[in-house]
Amino acid sequence: MKRFNSTILRGIFAVLLGIVLILWPEAAIIYIIMVIGAGFLLPGVFSIVSYLMRNKEDETVSPMFPLDGLGSLLLGAWLLAMPEFFVDILMYILGAILLIAGLQQIITLVAARKWKRVTVGYYVLPSLIFLVGLLILIYPMRVIANTLVIFGVSILFYGANELINWYKFRKRDYIQLD
């Protein structure tokens, strides 16, 4: 049941993310970077606040200042303040995500062949997702204007394909490589 939920949730999340990236690509890239920045900023703030609010009387040895928390806070603030700077870096990350997602689906289909016949048609979308990821990694700056729409369409197909594969192979859901 646990794998059932993760497969469906992963598919639904991918479909929704794809729709958002297709409809609002320019705004989405900035907000994605800002969410990543908040993901670094908040733990950094918590780390430093915890250090400053600790009970100093109970400690025999004073702990070191949390430099990793400070680094996390500074990186998060930088991502929030200058998200445009990180757009180029994000293109490589998005390309790698598609490459890995396509490869994961191909490996899952190969594993599914042990239990059920898997025709060539099932390999079309994962192969396209893999190729789009490779294209983004090779030409990130030349396709930057369309990368998010391409990524959005690809992640939408990934999510739909994930849901289709779950439905088709649900009796053998333990073959999923989560």
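Start with helix H5, residues 124–138, in this predicted model. Helix H5 has 15 residues. At 1.5 Å a residue, they should span 21 Å. The end C-alpha atoms of H5 are 21 Å apart, which agrees. Now look at which residues of H5 are hidden. Pro126, Ile129, Val132, Gly133 and Ile136 are buried. These residues cover an arc of only 125 degrees around the axis, so they sit on the same side of H5. There is a general reason for such a pattern. An α-helix has 3.6 residues a turn, so residues three or four places apart point the same way.

Step back to the whole protein. The protein has six helices and zero strands. Along the sequence, the pattern reads α-α-α-α-α-α. Of the 178 residues in the protein, 35% are buried. Take the contacts between residues at least 6 apart in sequence: 80% of them join residues at least 24 apart.

Helix H3, residues 67–81, can be read as H5 was. H3 has 15 residues and reaches 21 Å from its first C-alpha to its last. That is close to the 21 Å expected at 1.5 Å a residue. Gly69, Ser72, Gly76 and Leu79 are the buried residues here. They cover an arc of only 95 degrees around the axis, which puts them on the same side of H3. What do the buried residues of H3 pack against? They pack against H2. Turn to the face of H3 that points away from the buried side. That face carries the exposed residues Leu67, Leu74 and Ala81.

Next comes the interior. In soluble globular proteins, nonpolar side chains tend to be buried together. The largest nonpolar core in this model has 20 residues. Which of them touch the most other members? They are Ile29, Ile33 and Leu98. Five helices each supply at least two residues of this core: H1, H2 (25–53), H4 (87–112), H5 and H6. The largest share, six residues, comes from H4. Another core lies apart from this one. This other core has six residues, among them Leu109, Val118, Tyr122 and Tyr123.

Go back to Ile33 for a moment. Leave aside its neighbours within four places in sequence. Ile33 is then in contact with Leu79, Pro83, Phe86, Val87 and Leu90. Leu79 is one of the buried residues of H3.

Now follow Leu98 to helix H6, residues 144–169. Ser154 lies in this helix. Is Ser154 buried or exposed? Its relative accessible area is 6%, so Ser154 is buried. Beyond its neighbours within four places in sequence, Ser154 is in contact with Leu98, Ile129 and Val132. Ile129 and Val132 are on the list of buried residues of H5.

Ile155 lies in H6 too. At 7% relative accessibility, Ile155 counts as buried. Ile155 touches Leu98 as well as Ala14, Val15, Leu17 and Gly18, not counting residues up to four places away in sequence. Ile155 and Leu98 are 57 residues apart along the chain. Yet their C-alpha atoms are separated by 7.4 Å.

The aromatic rings come next. A search of the whole structure finds five aromatic pairs. Trp78 and Phe85 form one that is stacked, with 5.3 Å centre to centre and 25 degrees between the planes. Trp78 counts as partly exposed, because its relative accessibility is 39%. Phe85 is partly exposed, with a relative accessible area of 44%. Trp166 and Tyr167 form a tilted pair, 6.4 Å centre to centre and 55 degrees between the planes. Here the partners have different labels: Trp166, at 17% relative accessibility, counts as buried, while Tyr167, with a relative accessible area of 53%, is exposed. Trp78 and Phe85 also belong to one aromatic cluster with Phe86.

Finally, how confident is the prediction? The mean pLDDT of the protein is 82, and 88% of its residues reach 70 or more. Among the elements, helix H3 has the highest mean pLDDT, 91. Helix H1, residues 2–23, has the lowest, 79. Over residues 173–178, pLDDT stays under 50. The model has 19 contacts beyond four places in sequence for these residues. Read them with care. Where pLDDT is low, the predicted coordinates should not be read in detail.

Technical notes:
Residues numbered from 1 in each chain as written. Heavy atoms only, no water. Helix = DSSP H or I, 4+ residues; strand = E, 2+ residues; numbered from the N terminus. Buried < 20%, exposed > 50% of the residue type's maximum accessible area, 1.4 Å probe, protein only. Contact = heavy atoms within 4.5 Å. pLDDT = per-residue confidence, 0-100. Expected span 1.5 Å × (residues − 1). Arc of directions from axis to C-beta. Phe/Tyr/Trp six-rings, centres within 6.5 Å; stacked < 30°, edge-to-face > 60°. Core = buried A, V, L, I, M, F, W, Y, C linked by side-chain atoms within 4.5 Å.
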